[in-house]
Amino acid sequence: MNNPIVIILAATLALSTSEVSYAHSLKKQGEAVQVADSNMTVTPSRDWNRLRGKIGKQTESWTLDGGQLNDVTFFGGIEPGKPLVKERSKKHDPLPKFTETTLLVEVPELLEGTYRTYKELAAFTLGASAPTKFLGRDGVRFAYEFTDRDGLTRKGEAYAAIIDKRLYMATFDAPRLYYYDRAIEDFRKVAHSAKL
Amino acid sequence: MVSSPIVLGVSLAALALGSPAFAAPAPLPPPYAGAYQPQGVDEIGMWREDDESERRLALSPLVIRDEQLTSYVKGVLCEAVGTDRCNATRVYILREPSFNASMAANGTMRVHSGLLLRTRNEAELGAVLGHEFGHFEKRHGVERFKSQRGATDVMAWAQVLASMSSSYDVRRSYQNVELSVFGHFFRYVRDQEREADLVGIGYLNNSKLRPQSAARIWQNFMGEIEASARVRGLKKPNFNTIAFTASHPPQGERASYLAELALPEGANRDDGAERYRVIMKAWIPRFLEDQIKLNDFGGSDYLIERLADDGWTPELWFARGELFRTRGTQRDLANAADFYTKAIEADSSLAPAYRGLGLSLLKLGRSAEAQDSLRTYLQLSPDASDAGMIKLMVPGGTAQ
């Protein structure tokens, strides 16, 4: 071990392994993976990147080209009384909460309120919502569109279900121009593959 | 460069003399100098950047492109500052829920929809727009840029000098200089705001609008902040303390000096409330919807109640119902059901109110009434975006 080359190699290896735990990671095609620190698993139909940052306690974000261009976020069992994403300040900037009385039909409004409050937006429009199956249960599928402060209009689609008083949801946001249409089918495949 | 803090200090002293107490009405604005062109590299560069930013703004999806609304707001600006002055500006109304307006150095005026929701008449709107125009006429943008550059230059040199000698005394002196230079800069910016207030109310004194409205805006805004803090369980805000980095004077100070600066004879003038109400009738429900979805229960309820000073409309009852249902405690749901019912009594064709009523009643355990209400919602608006979901909740309704 006195050989300096060995020491340098060992140090490089140690650095590179410690980097792995902080880095983005690859979710490979066809491999079932647990998401959002929950018992929800999905099987991607193509390779996706998992982003390292977390916007909330029980969330996980995936992307193809970067979070600004296509963003899939999983919400893995939000408990009653909790917001969807982490609040900047519980006291000064509270976010709308998912509650025991929140109905499935109100989940789109909950997401809308969260986006508007978190991003300080006014330009947010909910689109059509319809019953669907998500995680094998009765769920809701809904569309939305918003213009962020960067002046870019994004479209979104989400699938949600309330199971045992917890909210499970997968959302997809991408710029309306080009990126949404390009990746929406890939997202739908991921959402349809979700299981508990 | 190093001499700039002295220049800064002198100009601050001059401004500070004028700022704390205004005993008399604001002076009339000086004659308008005509179309101004930028001078010197700083200003020319700044205007170019603003031109570029305005070019992007003109294409932005956030701009509300309604000719009538935009020309009305521009008209109020012209009424406040005079026609010759207002021709130097372009007004853009942005769909942003915050209480704000801004003016770029090249004459681009951005008015947020949240401002139009909060002002109640032409005089109040004119006061805010006049304040922004005051920044423009006094060239505050470029002065602020120069002051900021001066302050950072001083700090850069002080850092170099301080690093040459590594004693604790030098370090402490450096920190003192840092506090003092940045403190002066922030104060300079606040004094610019005070000067813009002074100029703005000068325009209003000279116009046909009621200058007393300027102080009113700040009183109302303090009421809103207080209501918002109360519901969030925060301590009562102090409207007279100034934070070190504050960019504006505190609201309490502004309300009191604006009241003093207003021309007493102007108190009987028209404030244009009726004209404002007519134009905004179609817009207020939309702007209010943007506000109530911001999860600021206290502030939003305060705004709704103030709008209702002119009488409750079905849209206001509906907005209040939505606000209470969104917070969603059992107590709120009972109130929400009551508000939706009032909205329906005033306008029996207001479909979303039936939806809100149905959902509130459902959570209150009154299923039969809830289903009746949801059924009416579906009859009134069969193509609603959530019709498929609502049908699931009504017996006999079929899912898509």
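Here is a short chat about reading one residue and one interface in a predicted model.

User: Let's start with Tyr159(A). Which strand is it in?
Analyst: Tyr159(A) sits in strand S11 of chain A, which covers residues 153-163.

User: And is Tyr159(A) buried or exposed?
Analyst: You look at relative accessibility, and under 20% means buried. Tyr159(A) has 2%, so it counts as buried.

User: Which residues is Tyr159(A) in contact with, leaving aside its neighbours within four places in sequence?
Analyst: There's a whole list, including Thr132(A), Phe134(A), Tyr168(A), Phe187(A) and His192(A). The side chain of Tyr159(A) also makes a polar contact with the side chain of Glu157(A), at 3.2 Å. And here's one for sequence versus space: Val107(A) is 52 residues away from Tyr159(A) in sequence, yet their C-alpha atoms are 9.8 Å apart.

User: Now the interface. How do people put a size on one?
Analyst: Often they give the accessible area lost when the parts come together. Between chain B and chain A, about 2400 Å² is buried, and carbon and sulfur atoms give 57% of that. Chain B brings 27 residues to the contact and chain A brings 33.

User: How many salt bridges does the rule find across the interface of chain B and chain A?
Analyst: It finds 7. One pairs Lys293(B) with Glu112(A), with the closest N and O atoms 3.1 Å apart. The rule also finds 14 residue pairs in polar contact across this interface.

User: Which helix gives the most to the side of chain B that touches chain A?
Analyst: That's H18(B), with 5 residues. By class, this side of chain B has 12 nonpolar, 6 polar and 9 charged residues.

Notes. Residues numbered from 1 in each chain as written. Chains lettered and ligands numbered in written order. Predicted model: local features only at pLDDT ≥ 70, side-chain atom pairs only at ≥ 80, totals over all residues. Heavy atoms only, no water. Helix = DSSP H or I, 4+ residues; strand = E, 2+ residues; numbered from the N terminus. Buried < 20%, exposed > 50% of the residue type's maximum accessible area, 1.4 Å probe, protein only. Contact = heavy atoms within 4.5 Å. Polar contact = N/O pair within 3.5 Å; in protein donor to acceptor, adjacent residues only side chain to side chain. Buried area = accessible area lost by both parts, 1.4 Å probe. Salt bridge = Lys/Arg side-chain N within 4 Å of Asp/Glu carboxyl O. Nonpolar A, V, L, I, M, F, W, Y, C, P; charged D, E, K, R; others polar.
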